[in-house]
Amino acid sequence: MATLSDPAVPDSDSRPTLKTIAAATGLAIATVSRALKDAPDIGEDTKRRVRETAAQLGYRPNRAGVRLRTGKTNVIALVLSTEADVMNHTSRLIYSIANALRGTAYHLIVTPFFPDQDPMEPIRYIVETESADGIILNQTKEDDPRIRYMHEHGFPFAAHGRTAMGIDHPYFDFDNEAYGRLGVRTLAERGRRRLLLVPPPRAHMYARHMTFGFSDEAALLGIPFEVAEGVTSDSGGEAVEAAITARFTRPNPPDGILVGSTTAAMAAIAGAERTGRVLGRDFDLVAKEAIAVLRRFRQDVLIVREDVGRAGEFLARALVAEIDKRDWAERQGLEVPVKVEQGRPARMGGTQ
């Protein structure tokens, strides 16, 4: 009588190992191991050959064994606020970090935290449980307790943003002061004379940079300006739209706007348009974006490109070098914007 047999238990010895890859490539096991770890003394051609062979053989490192042997998880945690500009900035950052880690021993996990949650909570959890080898975080503050905590615990990290703490660590940042100044100059050149800034949340370091660049440049040019009250560029589309609509119904509305996120840009334009204003005629708006979407929304948006892909790749490579205790020439980077992509020339006139 036929009987059903139990499913075969996978034989761990049948899984491809470093020895299998070494035999297939003709390289020493130690060379294969170092190539998979992206060691700097292994040539790029050798690394590529080892990675391609590993992929063809279906090689996967045994994480439990790796941790027992090395004390490492081969995991990098990206800790992000759920309030971030997920549609544009954050999606590009996640993609670029993950892409930079391809072919290395490291894998990316994304750890979110919520507006009502202590930002220290996910950081403490990862450090105390050793559930990752390093952390990438963003939205840094002038005096950031997360960075102080990781620095004091000797835990590898890299930040998308700077602080004013005097702690030396890997970071990559976009020069938001330069962005603020560039935006003001562009609006002034287009004849705008009443400016409004919708900044990031004021606790964030890049909000300080953006606000200073915007206000100082406007003052230097003698142009009246104001900073939005009650909303930030992270407040959400409905809140920003309502705030801009309200401002445009009061006396002396702005005719030039600079915003800190893609979502805020679309919401601000929609808010002004609800009062009958026309973008490019009655007002101009400067926004930065990481993924090209704003031109599809309105042709007349003034755009500054932020290369978040470059930032993510830089942060991933700098953090891996930090974890592996390798010298890395470029531990800190800064992208300085120099160009505003303009729509059609300003069409002055209309309702004010």
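**Notebook: a helix pair and a parallel sheet**

I looked up helix 8 (residues 176-189) and helix 9 (residues 205-221), which pack at an angle of about 35° with their axes 7 Å apart. The model is predicted: local features need pLDDT of at least 70, side-chain atom pairs count only at pLDDT 80 or more, and totals for chains, interfaces and linings use all residues. Residues are numbered from 1 along each chain as its sequence is written, and side-chain values use heavy atoms, with hydrogens and water left out.

I noted the terms. Helices (H or I, at least four residues) and strands (E, at least two) are DSSP runs numbered from the N terminus. Axes are lines fitted to C-alpha atoms, for helices over the stretch in contact, and angles run from 0 to 180 degrees between N-to-C directions.

I then listed the contact (heavy atoms within 4.5 Å). Residues of helix 8, among them Tyr179, Val184 and Ala188, meet residues of helix 9, including Phe212, Phe214 and Leu221.

Next I turned to the sheet. It is open, with 5 strands in the order 7-6-8-9-10 and parallel pairing; two strands pair if DSSP finds at least two bridges between them. Strand 7 (225-227) and strand 10 (302-305) are the edge strands, each pairing on one side only. Neighbouring strands are turned by 20° against each other on average, direction ignored.

I followed one pair further. Strand 8 (residues 256-259) and strand 9 (residues 284-289) run parallel and are joined by 3 bridges. Isoleucine 257 stands opposite leucine 285 in strand 9. Helix 11 (residues 262-273) packs on the sheet and touches strand 8 and strand 9; its direction makes about 160° with that of strand 9.
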